[in-house]
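Visitor: Hi there! Could you walk me through this one with me asking whatever comes to mind?
Guide: Happy to, ask away.

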Amino acid sequence: MSHRIYFDHASSTQIHPEVLDAYVEVLKTYFANSASLYDEGRKVTELLSKSRASIAKLLGVQTNEIIYTSGASESNSSAIKGVCLANKEKKHIITTCVEHSSVMAVCEQMHRIFDYDITYLPVNYNGVVELEEVKKALREDTAIVSIMAVNNEVGAINPIEEIGEYIKKNSHAYFHVDMTQSIGKIDINLKNIDLASFSAHKIHGLKGSGILIKKAHVPYEPLIAGGEQEMGLRGGTTNAPTHMMLAKTLRLALENRQSNNDACRILQEYTVNKLLEIPGIEINHPKNNIPQLVNFSYEKIPSEVMQNALNAKGFMVSARSTCESATLNTSYVLKAMGYSDLRSSSCIRMSFSKENTKEEIDAFIAAIKETIEHYG
Ligand code: PMP
(Lines give C-alpha, C1' and ligand atoms only; values in the text may rest on other atoms or scores of the structure.)
Protein backbone atom coordinates (compact mmCIF):
# COMPACT_ATOMS: atom_id res chain seq x y z
CA MET A 1 0.00 0.00 0.00
CA SER A 2 1.84 3.06 -1.16
CA HIS A 3 -0.38 6.05 -0.36
CA ARG A 4 -2.65 5.82 2.66
CA ILE A 5 -5.38 8.44 3.05
CA TYR A 6 -6.45 9.57 6.52
CA PHE A 7 -10.08 10.56 7.09
CA ASP A 8 -10.21 9.88 10.84
CA HIS A 9 -9.27 13.14 12.53
CA ALA A 10 -12.07 12.82 15.11
CA SER A 11 -10.18 9.79 16.36
CA SER A 12 -6.73 11.34 16.49
CA THR A 13 -4.63 13.83 14.54
CA GLN A 14 -1.10 14.23 13.19
CA ILE A 15 1.19 16.21 15.49
CA HIS A 16 1.63 19.80 14.33
CA PRO A 17 5.27 20.22 13.15
CA GLU A 18 5.79 23.22 15.45
CA VAL A 19 4.61 21.17 18.43
CA LEU A 20 6.81 18.24 17.48
CA ASP A 21 9.96 20.37 17.07
CA ALA A 22 9.43 22.12 20.38
CA TYR A 23 8.68 18.79 22.10
CA VAL A 24 11.94 17.20 20.99
CA GLU A 25 13.88 20.14 22.42
CA VAL A 26 11.94 20.09 25.68
CA LEU A 27 12.35 16.30 26.07
CA LYS A 28 16.09 16.60 25.71
CA THR A 29 16.46 19.45 28.15
CA TYR A 30 13.75 19.31 30.80
CA PHE A 31 13.71 15.75 32.11
CA ALA A 32 13.84 16.62 35.83
CA ASN A 33 10.88 15.83 38.08
CA SER A 34 8.84 19.01 38.41
CA ALA A 35 8.41 18.33 42.14
CA SER A 36 12.19 18.37 42.78
CA LEU A 37 13.56 21.26 44.77
CA TYR A 38 16.79 21.82 42.85
CA ASP A 39 17.06 24.40 40.07
CA GLU A 40 16.29 21.97 37.22
CA GLY A 41 13.07 20.79 38.89
CA ARG A 42 12.06 24.37 39.62
CA LYS A 43 12.66 25.30 35.99
CA VAL A 44 10.27 22.54 34.87
CA THR A 45 7.66 23.80 37.32
CA GLU A 46 8.15 27.33 36.03
CA LEU A 47 7.66 26.27 32.41
CA LEU A 48 4.59 24.21 33.29
CA SER A 49 3.12 27.18 35.13
CA LYS A 50 3.75 29.40 32.12
CA SER A 51 1.97 26.90 29.90
CA ARG A 52 -0.89 26.71 32.41
CA ALA A 53 -1.21 30.49 32.50
CA SER A 54 -1.28 30.69 28.68
CA ILE A 55 -3.98 28.00 28.48
CA ALA A 56 -6.05 29.79 31.11
CA LYS A 57 -5.75 33.07 29.18
CA LEU A 58 -6.71 31.42 25.89
CA LEU A 59 -9.80 29.90 27.54
CA GLY A 60 -10.74 32.87 29.68
CA VAL A 61 -10.45 31.12 33.05
CA GLN A 62 -8.12 31.45 36.05
CA THR A 63 -4.74 29.73 36.04
CA ASN A 64 -5.60 27.60 39.10
CA GLU A 65 -8.66 26.28 37.26
CA ILE A 66 -6.53 24.33 34.75
CA ILE A 67 -5.66 20.74 35.75
CA TYR A 68 -3.37 18.71 33.47
CA THR A 69 -4.61 15.14 32.92
CA SER A 70 -3.72 12.22 30.66
CA GLY A 71 -6.55 13.05 28.25
CA ALA A 72 -10.27 13.57 27.92
CA SER A 73 -11.26 10.16 29.32
CA GLU A 74 -9.47 10.94 32.56
CA SER A 75 -10.88 14.46 32.62
CA ASN A 76 -14.44 13.16 32.13
CA SER A 77 -14.06 10.52 34.83
CA SER A 78 -12.47 13.00 37.21
CA ALA A 79 -15.14 15.63 36.64
CA ILE A 80 -18.09 13.36 37.34
CA LYS A 81 -16.59 11.28 40.14
CA GLY A 82 -14.75 14.24 41.67
CA VAL A 83 -17.92 16.31 41.98
CA CYS A 84 -20.03 13.39 43.21
CA LEU A 85 -17.47 12.43 45.89
CA ALA A 86 -17.44 15.97 47.17
CA ASN A 87 -21.26 16.32 47.16
CA LYS A 88 -22.25 12.97 48.64
CA GLU A 89 -25.73 13.99 49.73
CA LYS A 90 -26.82 14.42 46.09
CA LYS A 91 -27.45 11.16 44.29
CA HIS A 92 -28.65 12.17 40.84
CA ILE A 93 -26.64 12.64 37.63
CA ILE A 94 -27.96 13.96 34.33
CA THR A 95 -26.22 13.09 31.10
CA THR A 96 -27.32 12.24 27.55
CA CYS A 97 -27.78 8.99 25.70
CA VAL A 98 -25.17 9.94 23.08
CA GLU A 99 -22.12 10.71 25.26
CA HIS A 100 -18.70 9.22 24.69
CA SER A 101 -18.10 5.92 26.50
CA SER A 102 -15.82 7.69 29.00
CA VAL A 103 -18.91 9.49 30.35
CA MET A 104 -21.40 6.65 29.81
CA ALA A 105 -19.27 4.10 31.65
CA VAL A 106 -18.67 6.41 34.62
CA CYS A 107 -22.40 7.02 35.00
CA GLU A 108 -23.02 3.30 34.79
CA GLN A 109 -20.41 2.74 37.55
CA MET A 110 -21.93 5.44 39.75
CA HIS A 111 -25.31 3.76 39.39
CA ARG A 112 -24.11 0.18 39.84
CA ILE A 113 -21.68 0.73 42.71
CA PHE A 114 -23.00 3.81 44.52
CA ASP A 115 -26.70 3.67 43.67
CA TYR A 116 -26.81 6.99 41.82
CA ASP A 117 -29.90 7.68 39.82
CA ILE A 118 -28.93 8.53 36.23
CA THR A 119 -31.13 10.42 33.78
CA TYR A 120 -30.06 9.89 30.16
CA LEU A 121 -31.51 12.76 28.14
CA PRO A 122 -32.77 11.95 24.65
CA VAL A 123 -31.65 13.79 21.53
CA ASN A 124 -33.84 14.99 18.68
CA TYR A 125 -33.53 13.73 15.08
CA ASN A 126 -30.64 16.18 14.60
CA GLY A 127 -28.70 14.56 17.43
CA VAL A 128 -29.18 17.65 19.61
CA VAL A 129 -30.13 17.76 23.31
CA GLU A 130 -32.98 20.22 23.81
CA LEU A 131 -33.02 22.64 26.73
CA GLU A 132 -36.60 21.54 27.56
CA GLU A 133 -35.27 18.06 28.36
CA VAL A 134 -32.69 19.48 30.76
CA LYS A 135 -35.39 21.57 32.44
CA LYS A 136 -37.59 18.50 32.96
CA ALA A 137 -34.74 16.39 34.35
CA LEU A 138 -33.18 18.78 36.89
CA ARG A 139 -33.89 17.87 40.53
CA GLU A 140 -32.99 19.16 43.98
CA ASP A 141 -30.58 16.26 44.37
CA THR A 142 -28.87 16.59 40.96
CA ALA A 143 -25.14 16.65 41.66
CA ILE A 144 -23.88 17.16 38.13
CA VAL A 145 -25.11 17.56 34.57
CA SER A 146 -22.64 16.25 31.96
CA ILE A 147 -23.32 17.11 28.31
CA MET A 148 -20.95 16.99 25.35
CA ALA A 149 -20.54 20.14 23.26
CA VAL A 150 -20.17 18.29 19.94
CA ASN A 151 -20.99 14.66 19.30
CA ASN A 152 -18.07 12.55 18.13
CA GLU A 153 -20.06 10.37 15.71
CA VAL A 154 -22.28 12.86 13.91
CA GLY A 155 -20.83 16.27 14.84
CA ALA A 156 -24.14 17.57 16.23
CA ILE A 157 -23.69 20.81 18.18
CA ASN A 158 -25.50 21.15 21.52
CA PRO A 159 -26.82 24.51 22.82
CA ILE A 160 -24.27 24.47 25.63
CA GLU A 161 -24.33 28.18 26.54
CA GLU A 162 -28.13 28.20 26.73
CA ILE A 163 -28.17 25.03 28.87
CA GLY A 164 -25.41 26.42 31.12
CA GLU A 165 -27.29 29.65 31.68
CA TYR A 166 -30.45 27.77 32.63
CA ILE A 167 -28.67 25.45 35.03
CA LYS A 168 -26.86 28.34 36.73
CA LYS A 169 -30.06 30.36 37.17
CA ASN A 170 -32.34 27.53 38.22
CA SER A 171 -30.41 24.91 40.14
CA HIS A 172 -27.43 24.11 42.35
CA ALA A 173 -26.18 21.33 40.07
CA TYR A 174 -22.71 21.62 38.59
CA PHE A 175 -22.37 21.64 34.81
CA HIS A 176 -19.67 19.60 33.06
CA VAL A 177 -19.04 19.82 29.32
CA ASP A 178 -17.02 17.34 27.29
CA MET A 179 -15.40 19.72 24.79
CA THR A 180 -13.17 17.09 23.18
CA GLN A 181 -14.75 17.43 19.73
CA SER A 182 -15.56 21.14 19.92
CA ILE A 183 -12.23 22.63 20.93
CA GLY A 184 -10.60 24.40 17.98
CA LYS A 185 -13.82 24.05 15.99
CA ILE A 186 -16.47 26.12 17.76
CA ASP A 187 -16.12 28.83 20.34
CA ILE A 188 -17.82 28.24 23.69
CA ASN A 189 -18.08 30.83 26.44
CA LEU A 190 -17.14 29.07 29.68
CA LYS A 191 -19.00 31.56 31.88
CA ASN A 192 -21.74 29.19 33.03
CA ILE A 193 -19.72 26.00 32.80
CA ASP A 194 -18.23 24.59 36.01
CA LEU A 195 -16.05 21.87 34.56
CA ALA A 196 -14.86 21.03 31.04
CA SER A 197 -12.67 18.40 29.42
CA PHE A 198 -10.55 18.11 26.32
CA SER A 199 -7.57 16.32 24.90
CA ALA A 200 -4.44 17.45 23.01
CA HIS A 201 -4.27 14.59 20.51
CA LYS A 202 -7.54 15.66 18.84
CA ILE A 203 -6.10 19.08 17.99
CA HIS A 204 -2.72 18.12 16.51
CA GLY A 205 -1.09 17.77 19.91
CA LEU A 206 0.42 14.93 21.91
CA LYS A 207 -1.23 11.83 23.31
CA GLY A 208 -1.27 11.44 27.08
CA SER A 209 -2.11 15.10 27.59
CA GLY A 210 -5.45 16.67 28.39
CA ILE A 211 -7.13 19.33 30.44
CA LEU A 212 -9.79 19.37 33.06
CA ILE A 213 -11.08 22.86 33.69
CA LYS A 214 -12.49 22.95 37.21
CA LYS A 215 -13.72 26.33 38.33
CA ALA A 216 -12.43 27.44 41.72
CA HIS A 217 -15.87 27.41 43.39
CA VAL A 218 -16.58 23.75 42.60
CA PRO A 219 -16.18 21.33 45.54
CA TYR A 220 -14.09 18.48 44.23
CA GLU A 221 -12.23 15.31 45.32
CA PRO A 222 -9.28 14.23 43.17
CA LEU A 223 -9.66 10.95 41.31
CA ILE A 224 -5.95 10.29 41.79
CA ALA A 225 -5.08 11.24 45.34
CA GLY A 226 -1.62 11.65 46.80
CA GLY A 227 1.04 14.18 45.95
CA GLU A 228 0.65 17.90 45.73
CA GLN A 229 0.89 17.99 41.96
CA GLU A 230 -1.75 20.00 40.12
CA MET A 231 -2.58 22.02 43.24
CA GLY A 232 -3.39 18.79 45.06
CA LEU A 233 -6.14 17.99 42.54
CA ARG A 234 -4.41 15.27 40.51
CA GLY A 235 -1.65 13.16 42.07
CA GLY A 236 1.23 11.55 40.20
CA THR A 237 4.45 12.82 38.67
CA THR A 238 3.39 15.39 36.12
CA ASN A 239 4.02 14.45 32.50
CA ALA A 240 5.78 17.79 32.24
CA PRO A 241 7.35 17.84 28.74
CA THR A 242 4.09 16.64 27.18
CA HIS A 243 1.91 19.09 29.06
CA MET A 244 4.29 21.96 28.32
CA MET A 245 3.25 21.53 24.67
CA LEU A 246 -0.43 22.05 25.40
CA ALA A 247 -0.35 25.83 25.37
CA LYS A 248 1.23 25.89 21.92
CA THR A 249 -1.13 23.16 20.69
CA LEU A 250 -4.18 25.06 21.90
CA ARG A 251 -2.94 28.41 20.60
CA LEU A 252 -2.38 26.95 17.12
CA ALA A 253 -5.79 25.23 17.17
CA LEU A 254 -7.56 28.45 18.11
CA GLU A 255 -5.57 30.63 15.70
CA ASN A 256 -6.27 28.24 12.83
CA ARG A 257 -9.90 27.60 13.71
CA GLN A 258 -11.50 29.73 11.02
CA SER A 259 -9.23 28.63 8.18
CA ASN A 260 -9.58 24.97 9.22
CA ASN A 261 -13.35 25.25 9.41
CA ASP A 262 -13.57 27.00 6.03
CA ALA A 263 -11.37 24.41 4.33
CA CYS A 264 -13.23 21.49 5.93
CA ARG A 265 -16.66 22.91 5.05
CA ILE A 266 -15.66 22.85 1.36
CA LEU A 267 -14.49 19.24 1.70
CA GLN A 268 -17.61 18.26 3.59
CA GLU A 269 -19.99 19.72 0.98
CA TYR A 270 -17.99 18.17 -1.82
CA THR A 271 -18.09 14.75 -0.14
CA VAL A 272 -21.81 14.87 0.63
CA ASN A 273 -22.65 15.82 -2.96
CA LYS A 274 -20.49 13.01 -4.35
CA LEU A 275 -21.88 10.45 -1.89
CA LEU A 276 -25.46 11.37 -2.71
CA GLU A 277 -24.81 10.57 -6.38
CA ILE A 278 -24.40 6.92 -5.34
CA PRO A 279 -27.80 5.16 -5.18
CA GLY A 280 -28.52 3.78 -1.69
CA ILE A 281 -26.19 6.07 0.25
CA GLU A 282 -27.84 8.06 3.03
CA ILE A 283 -26.32 10.93 5.00
CA ASN A 284 -26.67 10.56 8.78
CA HIS A 285 -25.08 13.71 10.16
CA PRO A 286 -27.38 16.68 10.74
CA LYS A 287 -27.14 19.78 8.55
CA ASN A 288 -26.01 21.96 11.44
CA ASN A 289 -22.90 20.01 12.37
CA ILE A 290 -19.21 20.78 12.55
CA PRO A 291 -17.57 21.03 9.10
CA GLN A 292 -15.01 18.33 9.86
CA LEU A 293 -17.40 15.41 9.86
CA VAL A 294 -19.43 13.28 7.44
CA ASN A 295 -21.44 10.26 8.57
CA PHE A 296 -23.20 8.08 6.01
CA SER A 297 -24.68 4.59 5.61
CA TYR A 298 -25.09 2.13 2.79
CA GLU A 299 -27.49 -0.28 4.41
CA LYS A 300 -26.58 -3.37 2.41
CA ILE A 301 -23.01 -3.38 3.72
CA PRO A 302 -22.35 -3.52 7.48
CA SER A 303 -19.90 -0.95 8.86
CA GLU A 304 -17.13 -3.46 9.57
CA VAL A 305 -17.23 -4.91 6.05
CA MET A 306 -17.16 -1.46 4.47
CA GLN A 307 -14.43 -0.29 6.82
CA ASN A 308 -12.23 -3.31 6.09
CA ALA A 309 -12.76 -2.99 2.36
CA LEU A 310 -11.82 0.69 2.52
CA ASN A 311 -8.80 -0.10 4.65
CA ALA A 312 -7.62 -2.61 2.07
CA LYS A 313 -7.91 0.13 -0.55
CA GLY A 314 -5.84 2.54 1.56
CA PHE A 315 -8.48 4.61 3.40
CA MET A 316 -8.63 5.14 7.15
CA VAL A 317 -12.14 5.82 8.43
CA SER A 318 -14.20 4.85 11.49
CA ALA A 319 -17.64 3.45 11.91
CA ARG A 320 -18.49 4.70 15.36
CA SER A 321 -16.36 6.21 18.10
CA THR A 322 -12.96 4.50 17.93
CA CYS A 323 -13.34 3.52 21.59
CA GLU A 324 -16.47 1.55 20.68
CA SER A 325 -15.18 -0.05 17.51
CA ALA A 326 -14.29 -3.37 19.06
CA THR A 327 -17.37 -3.79 21.25
CA LEU A 328 -20.50 -2.68 19.44
CA ASN A 329 -21.75 -3.22 15.94
CA THR A 330 -24.60 -0.74 16.10
CA SER A 331 -24.25 2.97 16.72
CA TYR A 332 -26.18 3.97 19.85
CA VAL A 333 -25.90 7.57 18.67
CA LEU A 334 -27.69 6.92 15.38
CA LYS A 335 -30.25 4.77 17.20
CA ALA A 336 -30.90 7.64 19.62
CA MET A 337 -31.47 9.96 16.63
CA GLY A 338 -34.21 7.59 15.47
CA TYR A 339 -32.42 5.69 12.70
CA SER A 340 -33.16 2.00 12.05
CA ASP A 341 -30.95 -0.87 13.23
CA LEU A 342 -29.81 -1.45 9.67
CA ARG A 343 -28.79 2.15 9.12
CA SER A 344 -27.15 2.34 12.55
CA SER A 345 -25.06 -0.74 11.87
CA SER A 346 -23.88 0.31 8.41
CA CYS A 347 -22.56 3.77 9.19
CA ILE A 348 -19.17 5.16 8.25
CA ARG A 349 -17.64 8.25 9.83
CA MET A 350 -15.19 10.38 7.84
CA SER A 351 -13.48 13.24 9.63
CA PHE A 352 -11.29 15.81 7.89
CA SER A 353 -8.47 18.20 8.54
CA LYS A 354 -7.56 21.00 6.15
CA GLU A 355 -4.72 18.84 4.83
CA ASN A 356 -7.25 16.58 3.08
CA THR A 357 -7.95 17.27 -0.60
CA LYS A 358 -10.73 16.88 -3.16
CA GLU A 359 -8.49 14.41 -5.03
CA GLU A 360 -8.44 12.20 -1.93
CA ILE A 361 -12.22 12.41 -1.76
CA ASP A 362 -12.54 11.48 -5.46
CA ALA A 363 -10.39 8.42 -4.81
CA PHE A 364 -12.51 7.57 -1.77
CA ILE A 365 -15.75 7.82 -3.76
CA ALA A 366 -14.28 5.51 -6.41
CA ALA A 367 -13.35 3.03 -3.64
CA ILE A 368 -16.89 3.16 -2.21
CA LYS A 369 -18.36 2.47 -5.66
CA GLU A 370 -16.02 -0.51 -6.15
CA THR A 371 -16.91 -1.87 -2.72
CA ILE A 372 -20.63 -1.56 -3.41
CA GLU A 373 -20.18 -3.36 -6.74
CA HIS A 374 -18.29 -6.11 -5.00
CA TYR A 375 -20.43 -6.65 -1.86
CA GLY A 376 -23.64 -4.73 -2.43
N1 PMP B 1 -14.91 12.50 24.60
C2 PMP B 1 -15.12 12.53 23.28
C3 PMP B 1 -16.32 13.25 22.76
C4 PMP B 1 -14.23 11.88 22.41
O5 PMP B 1 -14.47 11.92 21.08
C6 PMP B 1 -13.11 11.22 22.94
C7 PMP B 1 -12.12 10.51 22.04
N8 PMP B 1 -12.69 9.54 21.20
C9 PMP B 1 -12.92 11.22 24.33
C10 PMP B 1 -13.84 11.88 25.12
C11 PMP B 1 -11.76 10.53 24.96
O12 PMP B 1 -10.57 11.21 24.68
P13 PMP B 1 -9.13 10.62 25.04
O14 PMP B 1 -8.75 9.77 23.88
O15 PMP B 1 -8.27 11.81 25.17
O16 PMP B 1 -9.25 9.88 26.31
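Visitor: Is Gly-232 buried, partly exposed or exposed?
Guide: Gly-232 counts as partly exposed, because its relative accessibility is 24% and the buried class stops under 20%. Keep in mind that this is a predicted model.

Visitor: Where is Gly-232 found?
Guide: In the loop between E8 and H7.

Visitor: And which residues is Gly-232 in contact with, leaving aside its neighbours within four places in sequence?
Guide: Pro-222 and Gly-227. For Pro-222, the C-alpha atom is separated from that of Gly-232 by 7.7 Å, with the two positions 10 residues apart along the chain.

Visitor: Glu-230 is on my list too. What is its phi near?
Guide: Near 50 degrees, a positive value in a residue other than glycine. Most residues other than glycine have a negative phi.

Visitor: Where is the place of Glu-230, and is Glu-230 buried or exposed?
Guide: Glu-230 sits in the loop between E8 and helix H7, the helix being residues 240-244. Glu-230 counts as buried, because its relative accessibility is 6%, which is under the 20% limit.

Visitor: What about His-204, what is its phi?
Guide: His-204 has a positive phi as well, about 65 degrees, although it is not a glycine. Its place is in the loop that links strand E7 (195-199) to strand E8 (210-214). His-204 is partly exposed, with a relative accessible area of 23%.

Visitor: Let's move along to Gly-205. How far is its C-alpha atom from that of Pro-17?
Guide: The two C-alpha atoms are separated by 9.6 Å, while Pro-17 and Gly-205 are 188 residues apart along the chain.

Visitor: Which helix is Pro-17 in?
Guide: Pro-17 is in helix H1, which covers residues 17-29. Pro-17 counts as exposed, because its relative accessibility is 55% and exposed means over 50%.

Visitor: Changing topic: what does the whole chain look like in terms of helices and strands, how many of each?
Guide: The protein chain has 13 helices and 12 strands. Its C-alpha trace spans about 65 × 50 × 35 Å along the principal axes.

Visitor: What radius of gyration does the chain have?
Guide: The protein chain has 21 Å, and a compact globule with 376 residues would come out near 21 Å, so the two agree.

Visitor: How many of the residues count as buried, as a percentage?
Guide: Of the 376 residues, 56% count as buried. The exposed surface of the protein chain is about 16100 Å², and carbon and sulfur atoms supply 53% of it.

Visitor: And the charges, how many positive and negative side chains are there?
Guide: There are 39 positive and 44 negative side chains, and the centres of the two sets lie 2 Å apart.

Visitor: What share of the contacts comes from residues 24 or more positions apart?
Guide: Taking contacts with a separation of 6 or more, residues 24 or more positions apart account for 72%.

Visitor: How is the chain divided into domains?
Guide: Domain 1 takes in 5-14 + 256-375, and domain 2 is 17-254. The C-alpha centres of domain 1 and domain 2 lie 27 Å apart. The contact takes 30 residues from domain 1 and 33 residues from domain 2.

Visitor: Asn-256 is listed at a domain 1 bound. Where is Asn-256 found?
Guide: In the loop between helix H8 (246-255) and H9. Asn-256 counts as partly exposed at 23% relative accessibility. Asn-256 and Lys-185 are 71 residues apart in sequence, with 9.2 Å between them in space, C-alpha to C-alpha.

Visitor: How far apart in space are Asn-256 and Glu-277?
Guide: They are 32 Å apart, C-alpha to C-alpha, and 21 residues apart in sequence. Helix H9 covers residues 257-276, and Glu-277 is found in the loop between H9 and strand E9 (281-283). Glu-277 is exposed, with a relative accessible area of 56%.

Visitor: One more: is Thr-95 buried or exposed?
Guide: Thr-95 is buried, with a relative accessible area of 0%. Thr-95 lies in strand E3, residues 92-96. Not counting residues up to four places away in sequence, Thr-95 touches several residues, among them Val-103, Cys-107, Ile-118 and Ser-146.

Visitor: Great, thanks!
Guide: Any time.

Definitions and conventions: Residues numbered from 1 in each chain as written. Predicted model: local features only at pLDDT ≥ 70, side-chain atom pairs only at ≥ 80, totals over all residues. Heavy atoms only, no water. Helix = DSSP H or I, 4+ residues; strand = E, 2+ residues; numbered from the N terminus. Rg over C-alpha atoms; globule rule 2.2 N^0.38 Å. Buried < 20%, exposed > 50% of the residue type's maximum accessible area, 1.4 Å probe, protein only. Contact = heavy atoms within 4.5 Å. Areas by Shrake-Rupley, 256 points an atom, 1.4 Å probe, with all protein chains shown as cover. Lys, Arg positive; Asp, Glu negative; His and termini not counted. Charge placed at Lys NZ, Arg CZ, Asp CG, Glu CD. Domains from an automatic or database assignment.
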